[in-house]
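Hi,

Here is the structure I said I would send over. Have a look at it first, and then read my notes below.

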Amino acid sequence: MNLNSLHDVYVHELKDLYSAEKQITEALPKMVKAASDQSLKDAFSHHLDQTQGHLQRVRQILDELDENPGNVKCDGMEGLIKEGEDVIKTSGDSTAKDAALIAAAQRVEHYEIAAYGAARSHAKILGYDEAANTLQRTLDEEGETDKKLTQLAEGGLLGEGINESAR
Ligand SMILES: [Fe+2]
Ligand SMILES: [Fe+2]
């Protein structure tokens with residue numbers, strides 16, 4: 001990697017986000033399967049659809065810059081997904097496991113929120129207003145997903161649903 005300008009930083013961020021989103025599209029179907037609660041399954045499925053859109057958006061922004069994703073790998077996302085996979089493989093109380101899946105997914109969302117926030121700001125500074133708006137749209141969807149997961153964690157799923165023994 002060679003960073004000589006903010007533009008270079010921005011392009012690298014987009015490639016990194018492409019890798020991150022690609023990894024998430026592969027991980028979310030496993031999260032859907034691993035979740036027990038139907039509303040959690042639905043939330044993961046819905047976010048899988050959104051994530052496919054996020055991937056397309058990043059790809060389009062790269063295309064418009066005559067760049068391609070190349071072989072950049074998002075190591076941060078790889079680690080977060082590995083933590084999620086550890087939860088998927090774990091045995092035990094299904095509601096406790098759902099709680100751990102939510103926490104793992106929220107780590108992913110917060111990573112994305114940080115990365116999209118920075119890329120959006122850099123797009124703005126560089127005068128790529130349309131890309132900045134697109135990145136903001138994705139950022140908003142990541143934020144909504146994070147809030148939805150908090151609601152699921154604090155609402156019916158864990159607030160009342162969790163077994164006394166697993167509390
Ligand atoms: Fe995303
Ligand atoms: Fe996300």
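Let me start with the nonpolar core, keeping in mind that this is a predicted model. The largest core holds 23 residues, and the members that touch the most others are Leu-40, Phe-44, Met-77, Leu-101 and Leu-149. Five helices each put two or more residues into this core: H1 (6–34), H2 (38–64), H3 (75–89), H4 (94–125) and H5 (129–154). The biggest contribution comes from H1, which supplies seven residues. There is also a second, separate core, made of 18 residues, with Val-11, Tyr-18, Ile-61 and Ala-131 among them.

Leu-149 is a good residue to click on. Leaving out residues up to four places away in sequence, Leu-149 touches Leu-40, Phe-44, Ile-102, Ala-105, Gln-106 and Glu-109. Keep Glu-109 in mind, as Glu-109 comes back as a donor to the iron ion (ligand 2).

Now the metals. What coordinates the iron ion (ligand 1)? The donors are Glu-21 with two OE contacts, His-54 through ND1, and Glu-112 and Glu-142 through OE, at 2.1 to 2.6 Å. Along the chain these donors follow the spacing E-x32-H-x57-E-x29-E. His-54 belongs to helix H2 and Glu-142 to helix H5, so this pair ties together parts of the chain that are 88 residues apart in sequence. His-54 is buried, at a relative accessible area of 0%, and Glu-142 counts as buried too, at 0% relative accessibility.

The iron ion (ligand 2) is held by His-47 through NE2, by Glu-109 with two OE contacts, and by Glu-112 and Glu-142 through OE, at 1.9 to 2.5 Å. Here the donor residues are spaced H-x61-E-x2-E-x29-E in sequence. His-47 sits in helix H2 and Glu-112 in helix H4, so these two tie together parts that are 65 residues apart in sequence. His-47 counts as buried at 3% relative accessibility, and Glu-112 is buried with a relative accessible area of 0%.

How far apart are the iron ion (ligand 1) and the iron ion (ligand 2)? They are 3.4 Å apart, and Glu-112 coordinates both. Glu-142 is also listed as a donor to the iron ion (ligand 1) and as a donor to the iron ion (ligand 2).

Next, two helix pairs. Two packed helices are described by the angle between their axes and the distance between the axes, so those are the values I give. The axes of H3 and H4 come within 9 Å and cross at roughly 175°. With angles over 145 degrees counting as roughly antiparallel, H3 and H4 are therefore roughly antiparallel to each other. On the H3 side the contact involves Gly-76, Met-77, Leu-80, Glu-83, Gly-84, Val-87 and Ile-88, and these meet Lys-97, Ala-100, Leu-101, Ala-104, Arg-107, Val-108, Tyr-111 and Glu-112 in H4. By class, the contact of H3 with H4 comprises nine nonpolar, two polar and four charged residues. Glu-112, the residue that bridges the two iron ions, is one of the H4 residues in this contact.

H1 and H3 have axes 10 Å apart and pack at an angle of about 10°, which makes H1 roughly parallel to H3. H1 contributes Ala-20, Gln-23, Ile-24, Ala-27, Lys-30, Met-31 and Ala-34 to the contact, while H3 contributes Met-77, Glu-78, Ile-81, Glu-85 and Ile-88. Sorted by class, the contact of H1 with H3 has eight nonpolar, one polar and three charged residues. Met-77 takes part here, in the contact with H4 and in the largest core.

Two more residues to look at. Gln-50 is in helix H2 and is buried, with a relative accessible area of 14%. Apart from neighbours within four places in sequence, Gln-50 contacts Glu-141 and Thr-145.

Is His-7, in helix H1, buried or partly exposed? His-7 is partly exposed, at a relative accessible area of 26%. Setting aside neighbours within four places in sequence, His-7 is in contact with Leu-65, Leu-126 and Tyr-128. The C-alpha atoms of His-7 and Gln-60 are separated by 17 Å, and these residues are 53 apart along the chain.

Cheers

Technical notes
Residues are numbered from 1 along each chain as its sequence is written. Chains are lettered from A and ligands numbered from 1 in the order in which they are written. This is a predicted model: local features need pLDDT of at least 70, side-chain atom pairs count only at pLDDT 80 or more; totals for chains, interfaces and linings use all residues. Side-chain values use heavy atoms; hydrogens and water are left out. A nonpolar core is a set of buried Ala, Val, Leu, Ile, Met, Phe, Trp, Tyr and Cys residues joined through side-chain atoms within 4.5 Å. Buried means under 20% relative accessible area, exposed over 50%, partly exposed in between (1.4 Å probe, protein chains only). Helices (H or I, at least four residues) and strands (E, at least two) are DSSP runs, numbered from the N terminus. Contact means heavy atoms within 4.5 Å. Donors are N, O and S atoms within 2.8 Å of the metal (3.2 Å for Na, K and Ca); water is not among the atoms, so sites may look incomplete. Axes are lines fitted to C-alpha atoms, for helices over the stretch in contact, and angles run from 0 to 180 degrees between N-to-C directions. Angles under 35 degrees count as roughly parallel, over 145 as roughly antiparallel, 65 to 115 as roughly perpendicular and the rest as oblique. Ala, Val, Leu, Ile, Met, Phe, Trp, Tyr, Cys and Pro count as nonpolar, Asp, Glu, Lys and Arg as charged, and the others, Gly among them, as polar.
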